[in-house]
Amino acid sequence: MAGGTEAFPDLGKHCQFSGCYQLDFLPFKCQACHKVFCVEHRSCKSHECPEPEHNSRKVIICEICSMSIEITGKEDQEKMILEKHEKSGNCDPRKKKKPTCPVKRCKETLTFSNRTICKTCRLEVCLKHRFPADHACKQASSSTTPAAAAGGSWNEKFLVAFGLRNGKDCGKSGRPSSSTTPFLKAY
């Protein structure tokens with residue numbers, strides 16, 4: 001069956017799945033059986049490909065060490081590959097435990113996207129406890145302020161920090177005074 005339309009005979013291809021034959025202007029070519037298919041039948045499973053394992057990749061997870069192993073073959077090789085992995089010496093049950101946040105009563109698992117290192121104490125914590133006050137930072141707690149040394153509440157720490165400003169109003173630095181309001185035109 002030729003592709004295209006009467007005006008453009010070389011444009012597009014017909015799906016080679018039996019019963020479909022839809023004209024597709026962006027057809028997919030199967031890497032296993034080398035036939036052309038529409039978007040609906042492009043996967044090996046949907047067009048019942050005789051060679052579905054060709055170039056297919058699958059990842060299996062080791063139950064012992066939680067390591068991911070990529071396989072490119074038939075499903076009957078999974079057990080053999082897992083056994084080979086266990087005997088290789090790379091399979092260590094101690095690797096299975098994922099690192100967690102060291103803050104007391106926090107059970108957050110540290111992944112690549114939710115971990116941070118404190119700049120003052122170099123402790124690796126989750127994003128919820130990224131500020132020194134949230135994870136009882138050793139360097140922050142050894143400061144000279146009496147509320148911080150006493151381990152006071154966040155209220156007391158705020159009031160001490162507010163008092164240390166020595167009357168400086170950082171909110172108005174570089175801004176015009178309230179008597180000169182900038183001209184704004186509203187529409």
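I begin with His-34, which sits in the loop between β3 (28-29) and β4 (36-37). Please bear in mind that this is a predicted model. His-34 has a positive phi of about 60°, although it is not a glycine. Its side of the story is completed by accessibility: His-34 is exposed, at a relative accessible area of 52%.

As background, most residues other than glycine have a negative phi.

A second residue belongs under this heading. Ala-136 lies in the loop between β8 (124-126) and α2 (138-141). Phi of Ala-136 is near 50°, again a positive value in a residue other than glycine. With a relative accessibility of 62%, Ala-136 counts as exposed.

I now turn to the cysteines. How many disulfides does the model contain? The count comes to zero. To recall the chemistry, a disulfide is a covalent bond between the sulfur atoms of two cysteines. The cut-off applied here requires the two sulfur atoms to be within 2.5 Å.

Why does Cys-15 not form such a bond? The closest cysteine sulfur to that of Cys-15 belongs to Cys-38, and because the separation is 3.7 Å, the pair is too far apart for a bond. Cys-15 itself is buried, its relative accessible area being 1%.

The case of Cys-33 follows a similar line of reasoning. For the sulfur of Cys-33, the closest cysteine sulfur is in Cys-30, at 3.6 Å, and this is too far for a bond. Is Cys-33 buried or exposed? At 18% relative accessibility, Cys-33 counts as buried, since the limit for that class is under 20%.

Note on methods:
Residues numbered from 1 in each chain as written. Predicted model: local features only at pLDDT ≥ 70, side-chain atom pairs only at ≥ 80, totals over all residues. Heavy atoms only, no water. Buried < 20%, exposed > 50% of the residue type's maximum accessible area, 1.4 Å probe, protein only. Helix = DSSP H or I, 4+ residues; strand = E, 2+ residues; numbered from the N terminus.
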